[in-house]
Amino acid sequence: MTFVADERGRVPFALVAALLLVSSLTYTSGLVHEEPAEPVSPRLVEEATAEARIQLGSVAQTADRNAAAEPVTTVATTRLGRLLADDPFERSLELRIAVLARQDVVANRTTDGSTVDVTVPPITDEADARRALGEVSTTHLTDDRYRVRLENVSVTVHRDGRVVDDDTIALETTVALPSMAVHQRARTFERRLSAGVTEAGLERGLTTRLFALAWVRGYAQYGGAPISNVVANRHVGVLTNDALVDQQVATFGRADPDSRRGVARAGADVAVADGVGGMESLISAEMGPDDEAAKPEGAASLGAIDTPSVMDDSHEYDVGRGADEAFVDFVDGSGLDDALSAAYRARIRPAATARQTDYSVRHGGSRPANGTPQFSYTTTDRTVSGDDRTAGRGSTVLRYDRTVTVTETEYTYWMVNRSVVATTSTERERTYDVSIDVRCRYDAPDAPGGRVTRECPFGGTARADLEGEAASAIAGRFGGVDSIAEDAVRGDPSYRWRAVSVDPPRRARERAYASTADLRDDLRDVDVAVEPASMASTANPASRLSETVHRRHDRLVAAPRSYRSAAAVAEFVARERYLDAMEADLDDHSSTFAGMQDALGDVMADHAVPSEPPAGEPDTLSPIASSVEAEPRYLSLEAQRGSPNLAARNVNVFTVPYGDVADSVSGVVGGDEESTSLSTATSTLVATNRALAEEPDPQLRAERDGLREAIRQSLDAVREEQRRALREGAGLSRTEATRALDAGYDRYGSTAARATAIVEGTISGDVAASLPDSLSASERDRAQVALRVATTEARDAASVSVDESTVSAATDRLRPHVREGVDQAVRVGTHRAVSLGKRRAMRSAAAEIPAGLPLTPVPGQWYATANVWVVSVEGGYDRFTVETPRTTPIHGDDGTVSYVRESAAVTLDVDGDGIEETIGRNEPIDLSADTGVVVVVPPGPAGVGDTNGVADERSPGW
């Protein structure tokens, strides 16, 4: 590069001419001494300083290249190192410029006996180094271009061996310093390799990949695939390296092609080892191990990491057995009776009318002559005759007809000469016909829907019963018919309404029961679609079911526009009250499930496990690298010539549906922490039986026998609850109940089969099929629903659970058999060594071992199974090199600057004594990530989780 060709730091020629003119005047006046002489040419000074400026640019580029090759990331613990503390890399670059400038920024121009020397003071000690560092500065302009300023540059003018003038100036030049940009990107890369999941970086990329893999493998396991380790360290290693490749591309614009190929090979190896589900779905079929061109620079090694479709798939959750439980509570409690009683109530009062039909007067006695009346008095006598009572119509319940005779007799005493000598009487007799109507007003309950008649909507036996109740009330609370008739003759008094109750007819009860049972069956089928992925945090199936039932309330009740009979009122009052009870139960379930979600969320928060895959990965920066080279190309969990470059740990939180953490979450709904559910114990028994069928193991058989006996005792407790339900709920005798139970249980030939039928609920239908033929439709229905509820409640009751130690002992002994069998089943070429039957048996056994946390807010309502994996990785590259293009190549660097990160001390001969001083360290690029994944599958006996007995998996380097 020549001065003429160098375009950096150019200024217009007009400005140069003006400067030359001014400088010539300055130098002419400044260099004139007592003896007149030829002035020093300003051009000579300018040429010398221009040469020094060019040398400064070359020094800066050389320092830039050296700083990139040995970047200082941590300063030395020396006084010289502390000079670089505020920004080790930039300050070390400026120190390199200062040191090289003392050696290389030297210019000399001579003409006509005059010499101009441009020099930089040497560095001989620490004080000089401190001063020199303060005299160098770099200022960022645009892109990778910087203004480099060097102060305290001496310009000395000699004439005939004498110093005729000297000055101190500052040199400035504009030059590209690509090391600054690539170092900033390297720092960004480092930050990304330790950033949290909310920021762009390794942890976010690893988390995204973990969700993709864990959900694919988790659902494959749920579907019966022989997967005993859903998330293994072998998966973590491949996914971490793949995320690292993505971060190389996102940060520098390209990745090490060998790293990409290494990820592809490792992913293929893991896919072969797995044999089923997960890793192979992430490997791009387009890229072979040596086909770098098969992928664009920015593509991930394992292909596009998309959210697995199973995370978006919804599962249907229905009210199901909750409707049965609410129905039994409604019928066995006072719900149905109260609804019927409310519908069969009325108010009555008599209304009497009196009509006079006869009148007569009779006289008795004779008035004496000359007699005077002394005094008189009157007596009244009422006589009621008749006993007619007829049934009324409409709002008249009864009609009574009576005849009331009112006799008034007036007695007068006569005196003669102050003595009573005679008595006369006048008898007036009036006869009345009295009609008494017993009126009814319907005491209507708050019935749903339409208008309720105020008339008495009773018919048949209810009407007859109402008549009897009315007659009793007339005879008792109203004083009797004769009294009412007499009162009517006196003046038609009014009476208050009095309440009477009617015994609901059997047919009305059957109608209300049947209609409510129909509503129960409709409610059982009410369902909502919920994505299991969201159930670990926000989605609440019970809440959504409650909202759906609330929204469909009127449609489910299906009340008529008007009511014409008490039986209809009773029917729909019963339906609405049952529905209200069901809604209240769902609200309670929702609250309980939310408590479980909160408890599960606390466990996840404690381990920084997100509830869903993060979005927005990766955040790509502008490309700056021409090449990236990582050593080793693939960070292996196994030792490669020393310590491994990657260490991983992954912990499966809920390896089985019991244990301390599971108990802390399940404790929201109660339960015995020392026992496991019948469902879990049954799954373990089935898996154990399948393993023993292919490979004898006396110890496993002994553990199996103990587990089977414990389950058998639990089945006896379930059976006793079923018998009680049949006797109390359906009215069967003990003999009838026992006969039906024997017939149902005899359909299954083993303890495991019977336990499975109880867990799955099919035993209820088998027993119901053997109920006596003499039962009515409602009695049979009542027996069936009582069986379903009793089976569910007994299955999930603490008294039926199995001791945790018994299940654990069988599971611990079972796992090695299953793990070995599964490994053989998926290992290439083992079809000769392992029979097809054994491979199938081991796959089935693996699928039956329970794992995960059942999300069951109440007995019988198993909504899903969740599991959590907590993943941590640590490691780093031994050497990481980024080459970036240089806009103005210098000799020997082929147009690029190589930025190298490795573990090494950085030295520099600062004082020029030939001994390099340590100014800091170049540190390798490290990584760390702490994240995890949660998987939620629909309800099922096996659940989801690691069943190989290794809950805490650690790589050799951890």
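# A guided tour, beginning in helix α4

Begin by selecting helix α4, residues 88-104, where Glu 94 and Arg 91 both lie, three residues apart, which is about one turn of the helix. What you have open is a predicted model, and every stop on this tour should be read with that in mind. Show the side chains of Glu 94 and Arg 91, and you will see them meet in a salt bridge, with 2.8 Å from N to O. Both Glu 94 and Arg 91 are buried. Side chains of opposite charge can pair when their charged atoms come close. A search of the whole structure finds 51 salt bridges, and a few more of them are visited below.

**Helix α5**

Next, select residues 126-134, which make up helix α5, and look for Arg 131 and Asp 128, again three residues apart and about one turn of the helix from each other. Their side chains meet in a salt bridge of 3.4 Å, N to O. How exposed or buried is each partner? Arg 131 is partly exposed, with a relative accessible area of 29%, whereas Asp 128 has a relative accessible area of 16% and is buried. Keep Asp 128 selected and add Thr 124, because the side chains of these two residues are joined by a polar contact of 2.6 Å.

**Helix α21**

Move on to helix α21, residues 698-730, where Arg 724 and Glu 728 stand four residues apart and so are separated by about one helical turn. The two form a salt bridge in which the closest N and O atoms are 3.1 Å apart. Colouring by accessibility here would show Arg 724 as partly exposed, at 35% relative accessibility, and Glu 728 as exposed, with a relative accessible area of 59%.

**A network and a patch**

Now select Asp 324, Arg 520, Asp 521, Arg 524, Asp 781 and Arg 788 together, since these residues are linked in a network of salt bridges. Then turn to the surface and select Glu 316, Asp 318, Asp 518, Asp 522, Asp 525 and Asp 527, which gather there in a patch of negative charge. Which elements each supply at least two residues of the negative patch? They are β7, residues 315-318, and α15, residues 506-524. Asp 527, another member of the patch, is found in strand β14, which covers residues 527-530, and Asp 527 is partly exposed, with a relative accessible area of 33%.

**Buried stops along the chain**

Select helix α18, residues 566-606, and within this helix pick out Leu 579. Leu 579 is buried, with a relative accessible area of 0%. If you add Val 549 to the view and draw a line between the C-alpha atoms, you will find Leu 579 and Val 549 to be 8.5 Å apart in space, although their positions lie 30 residues apart in sequence as an interval.

From there, go to strand β22, residues 879-885, which holds Thr 884. With a relative accessible area of 6%, Thr 884 is buried, and the side chain of Thr 884 reaches the backbone oxygen of Ile 624 at 2.7 Å. Following the chain onward brings you to Arg 886, in the loop between β22 and β23, the latter being residues 896-902. Arg 886 counts as buried, at 5% relative accessibility. The C-alpha atoms of Arg 886 and Thr 896 are separated by 4.9 Å, while the two residues are 10 residues apart along the chain.

**Backbone geometry**

The last stops concern the backbone rather than the side chains. Most residues other than glycine have a negative phi, and most peptide bonds are trans. Select Glu 631 and Pro 632, which are joined by a cis peptide bond with an omega of about -5°. Pro 632 is found in the loop between β16, residues 627-631, and β17, residues 646-652.

Where does Asn 152 lie? Asn 152 is found in strand β5, residues 145-159, and the phi of Asn 152 is near 60°, a positive value in a residue other than glycine. Asn 152 is partly exposed, with a relative accessible area of 25%.

Finish at Asn 417, in the loop between β10, residues 396-416, and β11, residues 419-442. Here too phi is positive in a residue other than glycine, with a value near 55°. Asn 417 counts as exposed, at 72% relative accessibility.

Notes: Residues are numbered from 1 along each chain as its sequence is written. This is a predicted model: local features need pLDDT of at least 70, side-chain atom pairs count only at pLDDT 80 or more; totals for chains, interfaces and linings use all residues. Side-chain values use heavy atoms; hydrogens and water are left out. Patches are made of residues with over 30% relative accessible area and no salt bridge: like charges are joined within 9 Å, nonpolar side chains (Val, Leu, Ile, Met, Phe, Trp, Tyr) within 5 Å. Accessible areas come from the Shrake-Rupley method with a 1.4 Å probe; for residues, only the protein chains shown count as cover. A salt bridge is a side-chain nitrogen of Lys or Arg within 4 Å of a carboxyl oxygen of Asp or Glu. Lys and Arg count as positive and Asp and Glu as negative; His and the chain ends are not counted. The place of a charge is taken as NZ of Lys, CZ of Arg, CG of Asp or CD of Glu. Buried means under 20% relative accessible area, exposed over 50%, partly exposed in between (1.4 Å probe, protein chains only). A polar contact is a pair of N or O atoms within 3.5 Å; within protein, one must be able to donate a hydrogen and the other to accept it, and residues adjacent in sequence count only if both atoms are side-chain atoms.
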